Protein chains: 2
Amino acid sequence: METKERILDVAERLFADFGYKATSLRDITGEASVNLASVNYHFGSKDALLTALLERRFAPVNRRRIELLDKLEASAGDTMDLQEIVRAFLSPPFELHSGNAANGRTFLRLVGRIHAETDDIRAAFSTLFEPTVSRFRAAFQNALPHVDADEVAWRTAFLVGSMAHTMMWCESFVSHAAHRPDHSEVLESLIQFGTAGLATPSRQPAVVHARTGERR
Amino acid sequence: METKERILDVAERLFADFGYKATSLRDITGEASVNLASVNYHFGSKDALLTALLERRFAPVNRRRIELLDKLEASAGDTMDLQEIVRAFLSPPFELHSGNAANGRTFLRLVGRIHAETDDIRAAFSTLFEPTVSRFRAAFQNALPHVDADEVAWRTAFLVGSMAHTMMWCESFVSHAAHRPDHSEVLESLIQFGTAGLATPSRQPAVVHARTGERR
DNA sequence: GTCTATATGCGGATAGAC
DNA sequence: GTCTATCCGCATATAGAC
C-alpha cells in the first residue's frame, strides 16, 4: 500500500511546515500526487490522518524513552544520575529520526509544532504523551529529593518547553550561530541546560525574600 | 473609537485560545457584536489586525525589558548578576499584564501561541522581537565570559522556549501541582531554572555540578 | 482501490446604500 | 462609520462510475 505511506509522509512534512489547520487535504494530495478523495478513503478524515501520523512517530519515541529509563533504573537503582535521566528523555526524538536527514528535520519541526497547536489537537497529543512525562517527572523527583514536588513539576514543564521550541525553530536559530551545528551538538547543549535548570537549588534566599515568591 | 478597541480585545482572546488561522473574522466580529465589514474598514485586513494587536501589547513589554536592562547596566556596570538579567527579560510579560486578571492570562497564552504560529506570522513577530533578544543575548554573553558565543545563543533560545511554552500551557499544567500557583511563583521558578541553565559550565562530565547546581 | 464530479458550507474581502 | 448583500475561492466530505 504505497498510497497510504505517501500520504503520511507528505502530510507529516506539511503539518510540520505549516501546521495542521493551515494544511489542506488539497495541499497534501496534490504534493503526494494522489487523488483528493484518497485521504478520506484510507483514513476516514483529516483528524484521523493526524492521529495515525502521530502514532507512527511518537509511539516508538516514547517506547524508547521508557526503555532507556528502565535500563537506568535497573543498572543504577536509587543513585541514578540526573543528567542521564534528562538524556533518556531528550535524546530519542533527536536520535530515532536519523540526525540531519531531511525527514529527521521534518520530524523535529513536527514535534515543536504539535506542542503549539490548538487545544483540541494538543489534547489528542497529550494522551499519547502524558504517561511518559509522568514517569520522568517521578524520576526527576527521585533524583532531586531536596526539591519539592510542585517545583519539579514546573521544571519538567520548562524542560519540555525548551525542547519543543528548539525543535521547531532549530533551523532558523542557526543564523545566529557561527557554524551550522549538528543536531547532536544542540542535543548536548540542551541536555546540559536542562540538567542545570532541574538541579538548581530551590530558591536562593536573596530572591525569595526580595520578591513575593516565598513558599513556606 | 470604541469599535476598534472591542475588535482588538476580542481578537486577542480568540487568537490566544485558538490561534490565528483557526480564528475567522466572523468569529471575531460576532463575539464583539460589530459588523463583519468593520475589521476591514478599521484595519485593512486580517493580517493588519494581527500586526496592530501585537504592537499594542509587545511594544510596551520590550520597552520595559530594555529599560530594566539599562538600569542594571547603569547601576552594576560590568558586574551584573546573571539572575537579574534573566529577571529583566522574563518578568515584563508576566507583570505588565496584571498578574492573574483574565486579560493577563489571555496575554500570556497569546505570547505562547504566537511563538508557534506558521512561519510567515512568526516572521512579523520576530521583527518586533529580535532587537530585544539580541540585546539580552549580548548581556548574557557578557555575564558568562567563559561560555562560548554559540552556546550562549542556544541557551538563549532554550530560555525563550521554556518561557513561551510555559505561558501557553500555564493553565493546563496547574492540574499537576498541589495548589493553584500565582503567576509570580511560576515566574520565580522559571527565572531560577533559566539562570541555572544559562550559567552551567560548558560541557563537563557535569555529574557533580548538576546535582548541587553549583556554578563554578 | 482509485477516479471524477459534486454537495455544502465557511473563509476573507469589497461595493454601495444609508 | 456602519450596515447589507454579495463575490469568489477553498475547505472537507461524499456519491457513484470504473
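Of the atoms of DNA strand D within 4 Å of the protein, what percentage belong to sugar or phosphate? Let's look at this predicted model and find out.

## Meeting DNA strand D

The answer is 57%, and the rest of those atoms belong to bases. On the protein side there are 15 residues around the strand, and those that come nearest are Leu25(A), Arg26(A), Met1(B), Asn35(B) and His42(B). By type, the residues of this surface divide into 6 nonpolar, 7 polar and 2 charged.

Some contacts can be followed atom by atom. Ser24(A) places a polar side-chain atom 3.2 Å from a phosphate oxygen of DNA strand D, and Thr3(B) has a polar side-chain atom 3.2 Å from a phosphate oxygen of the strand. Arg26(A) turns up at a base instead: an N or O atom in its side chain is 3.2 Å from a base nitrogen. Two elements give two or more residues to this surface, namely helix H2 (25–32) of chain A and helix H3 (38–43) of chain B.

## Salt bridges

Over all chains, the structure holds 30 salt bridges. One of them joins Glu2(B) to Arg6(B), with the closest N and O atoms 3.2 Å apart. Both residues sit in helix H1 (residues 2–18) of chain B, 4 residues apart, which is about one turn of the helix. Glu2(B) is exposed at 56% relative accessibility, while Arg6(B) is partly exposed at 30%.

In chain A, Glu130(A) pairs with Arg137(A) at 3.7 Å between the closest N and O atoms. Arg137(A) counts as buried because its relative accessible area, 16%, is under 20%. Glu130(A), at 26%, is partly exposed. Chain A also has a network of salt bridges linking Glu5(A), Asp9(A), Glu12(A), Arg56(A) and Arg57(A).

Key:
Residues are numbered from 1 along each chain as its sequence is written. Chains are lettered from A and ligands numbered from 1 in the order in which they are written. This is a predicted model: local features need pLDDT of at least 70, side-chain atom pairs count only at pLDDT 80 or more; totals for chains, interfaces and linings use all residues. Side-chain values use heavy atoms; hydrogens and water are left out. A residue is near a molecule or strand if one of its heavy atoms lies within 4 Å of it. A polar contact is a pair of N or O atoms within 3.5 Å; within protein, one must be able to donate a hydrogen and the other to accept it, and residues adjacent in sequence count only if both atoms are side-chain atoms. Ala, Val, Leu, Ile, Met, Phe, Trp, Tyr, Cys and Pro count as nonpolar, Asp, Glu, Lys and Arg as charged, and the others, Gly among them, as polar. A salt bridge is a side-chain nitrogen of Lys or Arg within 4 Å of a carboxyl oxygen of Asp or Glu. Buried means under 20% relative accessible area, exposed over 50%, partly exposed in between (1.4 Å probe, protein chains only).
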